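Visitor: I'd like to walk through this one with you, a question at a time. Shall we put it on the screen and begin?

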Amino acid sequence: LTFPLLSVTLLVSFGSSMLYGYNLAVVNSPAVHIKAFYNATWGQRYGHGLAPGPLTLLYSLTVSIFALGGLVGSLLVGLLVEQYGRNGALSRSALLVLLAGGFMGFSRELGSPEMVIIGRSITGLHSGRLCTAPSSQLSPLQPLPRGLEKTSYSPQALWRGIFICLGVFSAQVLSLPELLGKDRFWPLLLSVVVVPASLQLLLLHCFPESPRYLLIERNDICGAIKALHQFLGTPDVQDVIEEMKEEQRSLSSMEMVSVWQLLRDHSVRWQTLSVVVVNAGMQLSGIDAIWFYTNTIFENAGIPVSQIPYTTVGTGAIEVVAGLIGCFTIEKVGRRPLIIIGFCAMGICSAGITVSLLLQAALPWMRYVGVACVVGIIAGFCMGPAGVPFLMTAELFTQSHRPAAYIVGGSLNWLCNFTIGFIFPFLQMSAGAFCYLVFCGVCLLVALYVYLVIPETKNKTFMEISHIFA
């Protein structure tokens with residue numbers, strides 16, 4: 001990678017994927033403070049505090065509405081990038097983050113829980129618009145895969161996974177009591193998102209627009225050549241231009257399949273079902289419950305309250321390492337083994353949490369088994385299920401079916417994310433330690449489906465993959 005190409009890739013990842021990871025984890029630590037603020041505000045308005053049930057409901061909405069915003073954003077991303085290009089799409093999304101940061105940052109001063117909820121929904125809208133976009137829509141050079149070549153792992157997908165892990169880790173570090181983990185700082189902790197968004201907004205225009213967008217969408221060959229010179233640092237870019245022109249001709253003669261047509265197309269029914277199972281399973285595996293409610297889980301496991309923030313940071317560090325291992329081994333190990341091993345590890349560890357909670361009264365050391373199981377769930381997720389489903393969606397379909405498949409997979413991702421974020425506190429109250437057996441069942445069933453149905457897609461063309469499914 002040349003320096004300009006590396007820089008813009010890092011900038012895009014920093015302002016989109018890292019913010020997505022940050023917003024997943026940032027509501028975990030200040031949960032007690034946010035609930036106290038909601039309760040106090042309600043008392044000032046109506047003369048009495050909130051009962052535990054409605055308070056839990058209001059906080060669950062605050063956590064999960066991020067995913068509803070993400071669902072809306074994921075449905076709009078294609079139109080946004082096509083109309084404004086990569087730089088325009090990123091700039092407008094960064095402005096959304098600044099607005100969201102303002103809402104959340106001033107919510108306590110204005111005594112408005114509604115501003116926190118609105119801010120969370122706007123950050124979700126930003127994440128849905130950028131984080132679930134296919135890599136080709138935001139990368140400077142990468143052409144859309146046409147299903148005719150051997151599939152290969154996308155460098156942009158690698159950066160995306162790493163930066164999501166870094167975003168989660170950043171939220172956990174900033175939530176330490178020595179930094180922004182105190183009661184008076186929680187609005188600032190939520191509004192830190194304006195920092196990477198501002199940097200992206202300031203620096204993005206130092207780089208040219210995506211050459212692929214300029215040539216294919218705007219038919220600006222001169223602009224594309226100039227941008228390629230800057231990105232590649234070489235005067236000879238004719239081969240890249242010819243490749244993009246070939247893609248432009250291919251796209252102009254190709255009829256794109258709608259979501260409804262995709263769901264009715266019997267020739268790809270197993271591929272579509274596989275996208276549904278893997279993307280839904282990725283969120284219903286319980287990983288969102290771990291990210292959203294880590295402190296509550298550790299508290300129930302018997303970890304002393306004073307040690308919980310540091311235990312959480314430790315799990316975040318392991319998550320980053322596991323993400324790096326998964327990203328750099330996927331081409332050697334393959335997609336199928338990583339996702340099967342990842343889901344199996346998550347299922348076993350979910351059952352382990354149940355066992356540790358049931359036995360911790362009799363065996364105090366079981367609390368550490370519970371922490372190890374949480375770490376196992378995170379490591380298993382980051383090594384396989386975190387990135388492989390997105391990659392598989394691209395590799396199971398031709399270009400005509402791929403946009404519709406991304407919509408199906410992305411919509412399920414956000415809907416299941418919302419479901420877990422909203423119902424987990426109530427599931428925990430009603431089922432107690434046994435609630436984790438639900439996640440165990442989901443993980444093991446998805447692993448079994450992948451083992452029986454989905455073939456290895458590494459180094460195979462779409463026709464080869466289609467023949468195996470048939």
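Visitor: Let's dive in at C206. Does C206 count as buried or exposed?

Guide: Keep in mind that we're looking at a predicted model. C206 sits in the loop between helix 9 (194-203) and helix 10. The cut-off for exposed is over 50% relative accessible area. C206 comes out at 57% relative accessibility, so the label is exposed.

Visitor: And how far apart in space are C206 and V305, C-alpha to C-alpha?

Guide: Along the sequence, C206 and V305 are 99 residues apart. In space, C-alpha to C-alpha, the separation of C206 and V305 is 46 Å.

Visitor: Okay, zooming out: how many helices and strands does the protein chain have?

Guide: Strands are quick to deal with, as the protein chain has 0 of them. For helices, the count is 23.

Visitor: What radius of gyration does the protein chain have, set against a compact globule?

Guide: The C-alpha atoms fill a box of roughly 65 × 50 × 40 Å along the principal axes. For 470 residues, a compact globule would have a radius of gyration near 23 Å. The protein chain agrees with that, at 22 Å.

Visitor: What share of the contacts with a separation of 6 or more comes from residues 24 or more positions apart?

Guide: A contact here means heavy atoms within 4.5 Å. Take the contacts in the protein chain with a separation of 6 or more; residues 24 or more positions apart account for 81%.

Visitor: How much of the exposed area do carbon and sulfur atoms supply?

Guide: On the inside of the ledger, 56% of the 470 residues count as buried. On the outside, the protein chain exposes about 19300 Å². Carbon and sulfur atoms supply 69% of that area.

Visitor: Electrostatics next. How far apart are the mean positions of the positive and negative charges?

Guide: The protein chain carries 26 positive and 24 negative charges. Average the positions of each set, and the two means are 5 Å apart.

Visitor: Which side chains meet in a salt bridge?

Guide: The count comes to 1 salt bridge. The pair links distant parts of the chain, 69 residues apart, with one partner in helix 5 (residues 113-130) and the other in helix 3 (residues 31-46). The N to O distance is 2.8 Å, and the partners are E114 and R45.

Visitor: How do E114 and R45 count in terms of exposure?

Guide: Partly exposed covers the range between buried, under 20%, and exposed, over 50%. E114 has a relative accessible area of 37%, so E114 falls in that range. R45, at 40%, also counts as partly exposed.

Visitor: Now V408: buried or exposed?

Guide: V408 has its place in helix 21. The limit for buried is under 20% relative accessible area. V408 has 12% relative accessibility, so V408 counts as buried.

Visitor: Which residues does V408 touch, leaving out those up to four places away in sequence?

Guide: V408 and S121 are 21 Å apart, C-alpha to C-alpha, so let's not look for a contact there, given that contact means heavy atoms within 4.5 Å. The residues V408 touches are V259, L262 and V276.

Visitor: What about M429: buried or exposed?

Guide: M429 is found in helix 21 (residues 402-431). Its C-alpha is 59 Å from that of I241, with their positions 188 residues apart in sequence. At 55% relative accessibility, M429 counts as exposed.

Visitor: One for the Ramachandran fans: what phi does N219 have?

Guide: N219 is found in the loop between helix 10 (211-217) and helix 11 (221-232), and N219 is exposed, with a relative accessible area of 51%. Although N219 is not a glycine, its phi is positive, at about 55 degrees.

Technical notes: Residues are numbered from 1 along each chain as its sequence is written. This is a predicted model: local features need pLDDT of at least 70, side-chain atom pairs count only at pLDDT 80 or more; totals for chains, interfaces and linings use all residues. Side-chain values use heavy atoms; hydrogens and water are left out. Helices (H or I, at least four residues) and strands (E, at least two) are DSSP runs, numbered from the N terminus. The radius of gyration is taken over C-alpha atoms; the globule rule is 2.2 Å times the number of residues to the power 0.38. Buried means under 20% relative accessible area, exposed over 50%, partly exposed in between (1.4 Å probe, protein chains only). Accessible areas come from the Shrake-Rupley method with a 1.4 Å probe; for residues, only the protein chains shown count as cover. Lys and Arg count as positive and Asp and Glu as negative; His and the chain ends are not counted. The place of a charge is taken as NZ of Lys, CZ of Arg, CG of Asp or CD of Glu. A salt bridge is a side-chain nitrogen of Lys or Arg within 4 Å of a carboxyl oxygen of Asp or Glu.
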